[in-house]
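Q: Could you walk me through this one, starting with a strand and then moving on to a helix?

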Amino acid sequence: MSQETEYTPPRVWTWKSESGGKFASINRPIAGSTHEKELPVGEHPFQLYSLATPNGVKAGIMFEELLALGHQGAEYDAWLINIGEGEQFGSGFVEANPNSKIPALMDHSTDTPTRVFESGSILLYLAEKFGEFLPKEHVARTEALNWLFWQMGSAPFLGGGFGHFYSYAPVKLEYAIDRYAMEAKRQLDVLNRHLAENRYLAGDAYSIADIATWAWYGQLVLGRLYDAAEFLQVHEYTHVVRWAEEIDERPAVQRGRMVNRTFGEPETQLHERHDASDFETKTQDKLES
């Protein structure tokens, strides 16, 4: 449909399976599994089923940050879920996350394995379980949660809105791109104003709010999302850039970005994760190169 042709919605919407642009083959208006496939289970307490998308890297970074602090109980196995191939619709994954979105986590350290889905829920679950990256003082804790939930509510406009219409939609629609570019820039301005007066989102301490928000907005201003840095003039948000670059230097962030990564240079990918010593041995040369 050309941009000049006005669309009149029908009285009742019907699903046209060929619509949806780049992800047409996996988008559908119904939930549930499409095929039987059990999830693999490794030897460690936590089983992470994911892909290194912005939402997916949050969990990998969190685990690596916990391991960097010496929490051996945070050892995990990471299993690739290739969403482009529809693996998120396997019966085992749907049991772990009925919403069929990555990441999903199973905690086998509990009496009965506990499922945790939605990236923000995973971060909060691990922060509370290990007592890390979530301030204990009331005001700071509340501020961290404010920004965690801000990210969860805002990023769909950046990803499903701006990212979809700017990068993935089958046609370029000026109205849609303008609408979501405006919102993306407004969100960056929200962050920029706050970070002008705060080192991290909850104040002086790095928290799960930073992990969640950096995965989207930090990578955006670092030029890693949608090839849109110039279009959105991200360099204007100097405080966001400062914050993003500081977090990007953290070794655990660098390691977390590699887990279940299927794109980019081979040295930036790691499709298996076992214990900390194995990971360090496999990746030290990669991180130094």
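Q: Is strand E1 mostly covered or mostly exposed?
A: This is a predicted model, and in it strand E1, residues 46-50, is mostly covered, with five of its five residues buried.

Q: Which residues sit on each side of E1?
A: Phe46, Leu48 and Ser50 lie on one side and Gln47 and Tyr49 on the other, and all of them are buried, so both faces of E1 are covered. In a regular strand the side chains alternate between the two faces of the sheet.

Q: And how many bridges join E1 to E2?
A: Five bridges join E1 to strand E2, residues 76-80, and the two strands run parallel; within E2, tryptophan 79 is the bridge partner of tyrosine 49. Between these strands the chain passes through helix H1, residues 54-68, in a β-α-β crossover that is right-handed.

Q: What about E3, parallel or antiparallel to E1?
A: Strand E3, residues 104-107, pairs with E1 in the antiparallel sense over four bridges, and aspartate 107 of E3 stands opposite phenylalanine 46.

Q: Switching to H4, what caps its N-terminal end?
A: Glutamate 137 does, with a side-chain oxygen 3.1 Å from the backbone nitrogen of valine 139.

Q: Where does H4 bend?
A: H4 bends by about 35 degrees at serine 154, and proline 156 follows within four residues.

Q: What span should H4 have, and how far apart are its ends?
A: Helix H4 has 31 residues, 138-168, so at 1.5 Å a residue it should span 45 Å, and its end C-alpha atoms are 42 Å apart, which agrees.

Methods: Residues are numbered from 1 along each chain as its sequence is written. This is a predicted model: local features need pLDDT of at least 70, side-chain atom pairs count only at pLDDT 80 or more; totals for chains, interfaces and linings use all residues. Side-chain values use heavy atoms; hydrogens and water are left out. The expected span of a helix is 1.5 Å times one less than its number of residues. The bend at a residue is the angle between axes fitted to the seven residues ending there and the seven starting there. A polar contact is a pair of N or O atoms within 3.5 Å; within protein, one must be able to donate a hydrogen and the other to accept it, and residues adjacent in sequence count only if both atoms are side-chain atoms. Buried means under 20% relative accessible area, exposed over 50%, partly exposed in between (1.4 Å probe, protein chains only). Two strands pair if DSSP finds at least two bridges between them. A crossover is right-handed if, with the strands pointing away from the viewer, the path from the first strand over the helix to the second runs clockwise.
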